[in-house]
Amino acid sequence: MALSTRHLLGIKDLIPEDIQLILDTAKQFKEVLQRPIKKVPSLRDVTIVNLFYENSTRTRISFELAEKRLSADTINFSASGSSVSKGETLLDTVNNILSMKVDMVVMRHSASGAPHFLAKHIPAAIINAGDGVNEHPTQALLDAFSILEKTGSLKGARIALIGDIMHSRVAQSNIYLLTKMGAEVTVCGPPTLIPKYIDQAFNVHVEYDLKKALEWCDVANVLRIQLERQNTVLFSSLREYNLVYGISKKLLQSLKKEITIMHPGPINRGVELDSDVADGKQSIILQQVENGVAVRMAVLYLLAGERNSY
Ligand code: CP
């Protein structure tokens, strides 16, 4: 089995069979990661550059670990401390790196569409590790893998995406993935943080009342308030946001059922989630991070099978 694409630029471009193949392959790699020897030779002689133009903790470490577990050769590039500060363009930087015989590029960039631009101009396979407010496909895949572990099926699962939907690439990738796989999705947050007409454009429900959204869902994926992407005042204060849209233990205990809490990280503790919820028994936040390695191994492995030699 092979993916229908040679890059992973976004979930938008994947067919449901691609998503299923990645999730099934990730399950096998998760088993590998339980073994005493966690390394397999699958990507020996494959060279991967991790090109990060924007900060990251989880995604960067997770990709690097996934590459090492697959025995790939890896190079890490950060825009800070590089010749980008001397005015070198993205394309020049990447072409210089590729001339050293690199097969795959993992890329995070603050500009939406940056990996799509690269894919048009270079022969290496590109994996989008988050581009601006557009997509974060491997986050959505690891979220789906974690939901599957919890619920057993994506089809018919009720997932609420809570918070800053407007500026969240995680929300967009989750919506594409979950709706393609037959889950029901509700987005919930302040009206100023939910794009107009999202229900018609994406086949999701919109709910402005947090308690109603939590009563409805099986899983709540709670998103970070992305203050760095907001160039106007969209709510009065973080304190007020927490009062209306923050999830507390008391709120969870007031629901008629026990729901699962997810968050892609980094968490603004005391804003979108209280600490006793983030660290509580209903939270699978650290399992999401653990699953990220297996999911990224699956993506790298499947795309390496598709790579052109050059
Ligand atoms: N979830 C996520 O993308 O986290 P990082 O920004 O730390 O990679």
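Let me begin with Tyr176, which is buried, with a relative accessible area of 16%, and I should say at once that what we are looking at is a predicted model. Its partner for this part of the talk is Phe202, which is partly exposed at a relative accessible area of 21%; the cut-off for calling a residue buried is under 20%, so Phe202 does not qualify.

Turning to the rings themselves, the count of aromatic pairs in this model comes to 4. In the pair formed by Tyr176 and Phe202, the ring centres are 5.5 Å apart and the planes stand at 65°, so we describe this pair as edge-to-face, given that the angle is over 60 degrees. As for where these two residues sit, Tyr176 belongs to helix α6, residues 169-180, while Phe202 belongs to helix α7, residues 198-202, and the pair therefore ties together parts that are 26 residues apart in sequence.

Now to the ligand, and which residues surround the ligand? They are Ser56, Thr57, Arg58, Thr59, Arg108, His136, Gln139, Pro264 and Gly265. If we look at individual contacts, an oxygen atom of the ligand has a polar side-chain atom of Arg108 at 2.9 Å, whereas a nitrogen atom of the ligand lies 3.1 Å from an N or O atom in the side chain of Gln139. Gly265 takes part through its backbone, with an N or O atom placed 3.3 Å from a nitrogen atom of the ligand. Of the 260 Å² of accessible area that the ligand has on its own, the protein covers 91%, and the space that the ligand takes up is the largest pocket.

Methods
Residues numbered from 1 in each chain as written. Predicted model: local features only at pLDDT ≥ 70, side-chain atom pairs only at ≥ 80, totals over all residues. Heavy atoms only, no water. Phe/Tyr/Trp six-rings, centres within 6.5 Å; stacked < 30°, edge-to-face > 60°. Helix = DSSP H or I, 4+ residues; strand = E, 2+ residues; numbered from the N terminus. Buried < 20%, exposed > 50% of the residue type's maximum accessible area, 1.4 Å probe, protein only. Near = heavy atom within 4 Å. Polar contact = N/O pair within 3.5 Å; in protein donor to acceptor, adjacent residues only side chain to side chain. Areas by Shrake-Rupley, 256 points an atom, 1.4 Å probe, with all protein chains shown as cover. 1 Å grid on protein atoms, 1.4 Å probe; cavity = no way out; pocket = protein on both sides within 12 Å on 5 of 7 lines; lining within 4 Å. Sits in = over half its atoms within 2 Å of the grid points.
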